[in-house]
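These are my notebook entries on a structure that I went through piece by piece. I wrote down what I looked up each time and what I found.

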Amino acid sequence: MGAGTEPAEAQCDSLEGKVYLDHNATTPLAPEVAQAVWDAMCQAWGNPSSSHPTGRKAKELIGSARESLARMLGGRPEDIVFTSGGTEANNMVIHTACRHFHESQCWRGDSRGTPHIVTSSVEHDSIRLPLEQLGREGLAEATFVPVSPRSGQAEVDDVLAAIRPNTCLVSLMLANNETGVIMPVAELSQRVCALNQRRAAEGLPRVLVHTDAAQMIGKGRVDVQELGVDYLTIVGHKFHGPRIGALYARGPGTATPLHPMLFGGGQERSFRPGTENTPMIAGLGQAAELVSKNWEAYEAHMRDVRDYLEATLEASFGKQRICFNSHFKGSKRLCNTCNFSILGPGLQGRRVLAHCKVLLASVGAACHSEKGDRPSPVLLSCGIPLEVARNALRLSVGRSTARADVDRAVQDLVQAVEQLERDLAP
């Protein structure tokens, strides 16, 4: 781009005739977000730590973005710490909880014990893998609570039953990225708060509560006061923002512990040092503003299109051939997510998608895309039979998805299945 050139706003989600139904994996930049990123690169390129005008401009943009994220969540600007993404935010919470456990033990004159963390069996890898690694190193213990096949949720009573005297953290995602099932985080926080009062009287460490809200932001109400959590993970590229993230920590360093994983120049109040990525932070702030102003309209639109998608799938394949893996009686789910299987031999989800010419989607979490035809562990954890889970597809609609897109995508699926069945015929 030459000097003074502005980005082409309308091209952010150009798909060249395809139908993109993989918004749970990532979302295109909103035009307003792309503009905010570009403006920051051109006008606020100074180091935010510098005192001259270009640095002050960058610092102002970062402060404004922090206010926007706080407003979106119902928190305070000082509760927001910018990170490289959700993985870093999740790791920071785990690291903090373990360190806080040891500091609390030492304060009481007891250096014994290993920190214990409770989570669910369907968490993102950025929760599961750090806990498994800490376990291998003997630095922490973890309990992975299975979800109920009746609800698709990690039940509050089951999570509480897993808490031990040395438990320091409970981490439960706000909504599952594959099934869309919304977890009972607010109830869990309330119960843990009451439990902590009893634990304090017994001299036991406080149990901190964290939720990864990556999938929920932009698709439903997310209010940290209602949720009652100590920490909440924010992922920009899940709500039409850039690929950075942030961590909400309720009163970081005071009401709630927060320890850095990195040490450097003292940026982000030394919780996350490193020269701030001003353009991406500005874009994240703009994405948060759009959510604050429009989330109810976004939610209503996506639910309408998702419901139309499911009705169209049933009408096209027949009720006997479609199994909805994300339907759990009594559980709420994300407005945009449809996880289903087309029943029949040889119709593994990956094979069906490979025969699609228009539809762009996935069989589950994008970070598991290299795992071949192995069925999703999340679906198996939810009690979905193996032969059904193998055929699973996850379609996740977005703000711009229209019913006409659904018609094209389902017709593409019908043709792909017909072609597969012809290929399999003796």
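**Entry on Val 19.** I began with Val 19, which lies in strand S1, residues 19–20, and I kept in mind throughout that this is a predicted model. I asked myself whether Val 19 is buried or exposed. Its relative accessible area is 2%, and because buried means under 20%, Val 19 counts as buried. I then looked up what surrounds Val 19, leaving aside residues up to four places away in sequence, and found that Val 19 touches Val 358, Leu 359, Leu 360, Asp 405, Arg 408 and Ala 409. For one of these, Asp 405, I noted that it is 386 residues from Val 19 along the chain, while the two C-alpha atoms are separated by 6.1 Å.

**Entry on helix H1.** Helix H1 covers residues 31–43. I looked up its span and found that its 13 residues reach 18 Å from the first C-alpha to the last, close to the 18 Å expected at 1.5 Å a residue. I also listed the buried residues of H1, which are Val 33, Ala 34, Gln 35, Ala 36, Val 37, Trp 38 and Ala 40. What covers them includes helix H2 (53–73) and helix H8 (278–317).

**Entry on the open sheet.** Next I traced an open sheet of 7 strands, whose order is S2-S8-S7-S6-S5-S3-S4 and whose pairing is mixed. At its edges I found S2 (80–83) and S4 (141–145), each of which pairs on one side only. Neighbouring strands are turned by 20° against each other on average, with direction ignored. I looked more carefully at S3 (residues 116–120), which runs parallel to S4 and is joined to it by 5 bridges; in that pairing, Thr 119 has Phe 144 of S4 as its bridge partner. Helix H4 (residues 125–136) packs on this sheet, where it touches S3, S4, S5 (167–171) and S6 (208–212), and its direction makes about 140° with that of S4.

**Entry on Ser 189.** I found Ser 189 in helix H6, which spans residues 185–201. With a relative accessible area of 5%, Ser 189 is buried. When residues up to four places away in sequence are not counted, Ser 189 touches Val 209, Leu 227, Gly 228 and Val 229.

**Entry on the cysteines.** How many disulfides does a search of the whole structure find? It finds 0. I wanted to know why Cys 193 has no bond, and the reason is that the closest cysteine sulfur, in Cys 168, is 17 Å from its own, which is too far. Cys 193 counts as partly exposed, since its relative accessibility is 45%. Cys 335 is likewise in no disulfide, its nearest cysteine sulfur being that of Cys 338, 13 Å away. Cys 335 counts as buried, at 1% relative accessibility.

**Entry on strand S10.** My last search was for strand S10 (residues 337–342), in which 6 of 6 residues are buried. Both of its faces are covered, with Thr 337, Asn 339 and Ser 341 on one side, and Cys 338, Phe 340 and Ile 342 on the other. S9 (residues 322–324) runs antiparallel to S10 and is joined to it by 3 bridges, with Ile 322 standing opposite Ile 342. S10 also pairs with S12 (residues 392–396) in the antiparallel sense, over 5 bridges, and there the bridge partner of Thr 337 is Ser 396.

Definitions and conventions
Residues numbered from 1 in each chain as written. Predicted model: local features only at pLDDT ≥ 70, side-chain atom pairs only at ≥ 80, totals over all residues. Heavy atoms only, no water. Pairing = 2+ DSSP bridges. Helix = DSSP H or I, 4+ residues; strand = E, 2+ residues; numbered from the N terminus. Axes fitted to C-alpha atoms, helices over the stretch in contact; angles between N-to-C directions. Contact = heavy atoms within 4.5 Å. Buried < 20%, exposed > 50% of the residue type's maximum accessible area, 1.4 Å probe, protein only. Expected span 1.5 Å × (residues − 1). Disulfide = S-S within 2.5 Å.
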